[in-house]
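Reader: Could you walk me through one part of this structure up close? I'd like to hear about aromatic rings and the helices that carry them.

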Amino acid sequence: MPGEQRNAPRTRREVLDAAARALVANGPNVSLDAVAKEAGVSKGGLLHHFRTKQALLAGLIDEWFEHYDAAVESLLEPEGTPGRWTRAHIRATFAEEEDDLWAHPSVVTALLGVPEVQQRIDTAADRWRRQTDSDGLHPQRADLISRALDGVTLSDLLWRGQETREHRESTRDLLLKLTEQDGPLV
């Protein structure tokens with residue numbers, strides 16, 4: 001009986017999953033050969049979906065942004081509610097992930113050295129900033145909260161596990177409280 005036929009979307013998904021596992025296991029210098037082996041495809045099969053290691057890493061960041069954007073959208077309050085985008089971003093940033101790939105320094109190290117990834121990060125950051133800036137909150141509030149969320153994300157990467165759940169929840173609740181008013185902070 002012939003083996004299961006591959007389909008492009010499923011193979012692409014398997015390659016991305018394998019790339020994530022290989023990055024965590026082998027660090028930022030992981031080879032395309034190691035990713036192909038982890039995915040159970042030939043190197044040619046991998047290259048069909050991602051022509052370079054940089055394209056593969058860009059695919060990983062695209063996937064993460066899609067996941068994050070979907071989480072934010074699922075947390076949105078009804079239209080016309082001031083601060084709804086900001087609160088959704090706060091809740092998505094503080095959401096606990098089972099196996100957060102982006103919590104592994106080796107993954108972030110691999111991604112930051114790729115110009116295509118930096119362009120995608122800049123594009124996503126601009127999109128998220130536009131969402132919070134047009135959210136009906138005073139610009140001081142929106143800016144402070146956005147910068148605090150950047151800090152939380154960086155802290156999660158650099159000092160993972162050194163913060164208590166209570167402290168995280170307290171920080172999240174404080175940021176949410178800042179969205180309850182729409183005037184200037186000072």
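Author: Here's a look at one aromatic pair and the helix contact around it. Keep in mind that this is a predicted model, where local features need pLDDT of at least 70, side-chain atom pairs count only at pLDDT 80 or more, and totals for chains, interfaces and linings use all residues. Residues are numbered from 1 along each chain as its sequence is written, and side-chain values use heavy atoms, with hydrogens and water left out.

The structure has five aromatic pairs (Phe, Tyr or Trp rings, Trp by its six-membered ring, with centres within 6.5 Å). Take tryptophan 64 and tyrosine 68: their ring centres sit 5.4 Å apart with planes at 15°, so they're stacked (under 30 degrees; over 60 is edge-to-face, the rest tilted). Both belong to helix 4 (residues 53-74; a DSSP run of H or I, at least four residues), four residues apart, or about one turn. Tyrosine 68 is buried at 10% relative accessible area, while tryptophan 64 is partly exposed at 24% (buried is under 20%, exposed over 50%, partly exposed in between, with a 1.4 Å probe and protein chains only).

The two also join Phe65 and Trp128 in one aromatic cluster. Trp128 sits in helix 7, where it's among the residues meeting helix 4 (contact: heavy atoms within 4.5 Å). Ala124 and Ile121 are also among the helix 7 residues there, while helix 4 brings residues including Leu57 and Ile61. That contact divides into ten nonpolar residues, one polar and five charged (nonpolar: Ala, Val, Leu, Ile, Met, Phe, Trp, Tyr, Cys and Pro; charged: Asp, Glu, Lys and Arg; polar: the others, Gly among them).

How values were computed:
Helices (H or I, at least four residues) and strands (E, at least two) are DSSP runs, numbered from the N terminus.
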